[in-house]
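Dear colleague,

I am passing on the structure we spoke about, with my notes on it set out underneath. Please read them with the coordinates open beside you.

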There are 2 protein chains.
Amino acid sequence: MSVEKNKVTVDIYGQQYTIVGEESTEHLHKVATAVNEKMREIQSMNHSLETAKLAVLTAVNSVHEYYKLLEKSEALEEELKQYRK
Amino acid sequence: MSVEKNKVTVDIYGQQYTIVGEESTEHLHKVATAVNEKMREIQSMNHSLETAKLAVLTAVNSVHEYYKLLEKSEALEEELKQYRK
């Protein structure tokens, strides 16, 4: 049995991308919109950045936020352990 | 009073980037390493991708993982609410 995949074509920073995932098309669009907005936000602060560098900095920003959330999530799990005992 | 910022110069996919943040230099290096590895991983599956598109897909991937973690984190918070009552 294979997991059904969804596929959407999205526009990010003026380029078309086809994104495939097991998540809903709504989720895939939400992710693309977030990346697009983050790229435009970083671009507005660094007008001279070429697209590749801008995209790398967007990835850096996203991974940074991921790690911050991971710390928070791990703290929540630790707290839950106390209650679940 | 201003918050002290840390600054590191890192290599991501063959380019130098200066990253500034309130986090430790260790954290900033960890983020850069993760982006670098993710870009190389995506590149290994799509050899013909130009760097800008590769970086955008890396950002897409990171934001997707962020949202998945956010869902998990929100579920943990909901569960904690039951105990904290």
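Between chain B and chain A about 3,700 Å² of area is buried, and carbon and sulfur atoms give 75% of that area, in what is, I should say at once, a predicted model. Each side is represented in the contact by 37 residues from chain B and 37 residues from chain A, and on the chain B side Tyr17(B), Tyr67(B) and Leu69(B) supply 15% of the area that this chain buries against chain A, which is more than any other three residues.

As for the relation of the two copies, chain B can be laid on chain A by a turn of 180° with a shift of 0.0 Å along the axis, leaving an RMSD of 0.0 Å. That is the relation of a two-fold axis, and the same surface serves both copies, since 100% of the contact residues of chain B recur in chain A.

Ser73(B) is a useful residue to look at next. Ser73(B) has its place in helix H2 of chain B, which covers residues 51–84, and with a relative accessible area of 2% Ser73(B) is buried, the cut-off for that term being under 20%. Leaving aside residues up to four places away in sequence, Ser73(B) touches Leu69(A), Lys72(A), Ser73(A) and Leu76(A). One of these, Lys72(A), also meets Glu77(B) through the side chains in a salt bridge, at 3.3 Å from N to O, and the rule finds four salt bridges across the interface of chain B and chain A.

Lysines of chain A also meet aromatic rings of chain B. The charged end of Lys30(A) sits over the ring of Tyr67(B), 4.4 Å from the ring centre, while Lys53(A) lies over the face of Tyr17(B), at 5.6 Å from the ring centre.

Finally, the rings themselves: over all chains the structure holds three aromatic pairs. Among them is the pair of Tyr66(A) and Tyr67(A), which is edge-to-face, at 5.9 Å centre to centre and with 70° between the planes. The rings of Tyr66(B) and Tyr67(B) have their centres 5.9 Å apart and their planes at 70°, so this pair too is edge-to-face, because planes over 60 degrees apart count as such. Of the tyrosines in these pairs, Tyr67(A) is buried at a relative accessible area of 18% and Tyr67(B) counts as buried at 17%, whereas Tyr66(B), at 22%, is partly exposed.

With best regards

How values were computed: Residues are numbered from 1 along each chain as its sequence is written. Chains are lettered from A and ligands numbered from 1 in the order in which they are written. This is a predicted model: local features need pLDDT of at least 70, side-chain atom pairs count only at pLDDT 80 or more; totals for chains, interfaces and linings use all residues. Side-chain values use heavy atoms; hydrogens and water are left out. Rings of Phe, Tyr and Trp (its six-membered ring) pair if their centres lie within 6.5 Å; planes under 30 degrees apart count as stacked, over 60 as edge-to-face and the rest as tilted. Buried means under 20% relative accessible area, exposed over 50%, partly exposed in between (1.4 Å probe, protein chains only). A charge sits over a ring if NZ of Lys or CZ of Arg is within 6 Å of the ring centre and within 35 degrees of the ring normal. Copies are superposed by least squares on the C-alpha atoms of residues with pLDDT of at least 70 in both. Contact means heavy atoms within 4.5 Å. Helices (H or I, at least four residues) and strands (E, at least two) are DSSP runs, numbered from the N terminus. Buried area is the accessible area (1.4 Å probe) that two parts lose on being put together, summed over both.
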